[in-house]
Amino acid sequence: MLKLDKFILLVLILLGAFLSISSCRKKIEVCTDIEFIKQQFPNIKDIEEVKYYYNVKSEEREIGLQNIEFCGFIKIGQKFYEKIIRDYNWKETKKSKNMIPKTILLEGDSEKYNFLYNYDFSYDGKYKSNSWVGDFYLDKVHKVLYFECEW
């Protein structure tokens, strides 16, 4: 009987340790706060809807050295869409053809995206702050910008 008690105690300790570790893991949440996106990309106008996640990947690091992954969809209105189509030459590239949005953002989404890329839109500094490094992709059918950035 003593061996069974020790076995049960060991199982309970291992179960408690497992539950403790799994509860400490960061849960990545999909967000829909348009105002936050407007603050991050103030020159992207006519935003109708957003879906993104913001994930601090670093543990304890010095202030200013956090590694943040930030990606998502920005549904833009007709006026802004026409402006960026007129101002930038969006085309299918090797990079855009292989673009697969993060799985967490696609949960429950049945849309099929065909992304196009323009280097200048991503890197000329007009549409994202110097804090972010990353790319934008455009789906013309859905009028959606997909972004993948890190800080």
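## What counts as buried

A residue is called buried here when its relative accessible area is under 20%, and exposed when that value is over 50%. Keep those cut-offs in mind as we look around this structure, which is a predicted model.

## Helix α3 and its two sides

Let's start with helix α3, residues 78-87, which lies across β2, β4 and β5 and runs at about 105° to β2. Three of its residues, F80, Y81 and I84, are buried. Looking down the axis of α3, the buried residues fall within an arc of 105°, so they line one face of the helix. Their cover includes β2, β4 and β5, along with α6 (119-123). On the other side of α3 you will find K79 and R86, which are exposed.

## The sheet

Strands of a sheet pair through backbone hydrogen bonds, either parallel or antiparallel. In this model, five strands make an open sheet with antiparallel pairing, in the order β1-β2-β5-β4-β3. The edges belong to β1 (47-56) and β3 (115-117); each has a single partner strand, so one side of each lacks a neighbour in the sheet. From one strand to the next, the twist averages 20°.

Strand β5 (144-150) is joined to β2 by seven bridges, and seven bridges also join β4 to β5. On the β2 side, K75 has V144 of β5 as its bridge partner. On the β4 side, L138 stands opposite L145. Five of the seven residues of β5 are buried, so this strand is largely enclosed by the rest of the structure. The hairpin of β4 and β5 has four residues between the strands, and K143 takes a positive phi near 55° there.

At the edge, β3 pairs with β4 (residues 133-139) over three bridges. Y117 faces Y137 of β4 in this pairing.

## Two nonpolar cores

The largest nonpolar core has 25 residues, and F41, I44, I74, I84 and L145 are the ones that touch the most other members. At least two residues of this core come from each of α2 (34-40), β1, β2, α3, β4 and β5. The largest share, four residues, is supplied by β2.

I84 is a handy residue to click on. Leaving aside residues up to four places away in sequence, I84 touches I76, W90, F121, Y127, L138 and L145. Apart from the largest core lies another one of ten residues, including Y53, F73, F115 and Y137.

## Cysteines

A disulfide is a covalent bond between the sulfur atoms of two cysteines. If you are wondering about such bonds here, the structure holds zero disulfides. For C71, the nearest cysteine sulfur is that of C149, at 8.6 Å, whereas a disulfide would need the two sulfur atoms within 2.5 Å. C71 has 1% relative accessibility, so it counts as buried. C31, at 24% relative accessibility, counts as partly exposed.

## A loop residue to look at

One more stop is E107, in the loop between α5 (103-106) and β3. Its relative accessibility is 59%, so E107 counts as exposed. E107 and V30 are 77 residues apart in sequence, with their C-alpha atoms 9.8 Å apart in space.

Conventions:
Residues numbered from 1 in each chain as written. Predicted model: local features only at pLDDT ≥ 70, side-chain atom pairs only at ≥ 80, totals over all residues. Heavy atoms only, no water. Pairing = 2+ DSSP bridges. Axes fitted to C-alpha atoms, helices over the stretch in contact; angles between N-to-C directions. Contact = heavy atoms within 4.5 Å. Buried < 20%, exposed > 50% of the residue type's maximum accessible area, 1.4 Å probe, protein only. Arc of directions from axis to C-beta. Core = buried A, V, L, I, M, F, W, Y, C linked by side-chain atoms within 4.5 Å.
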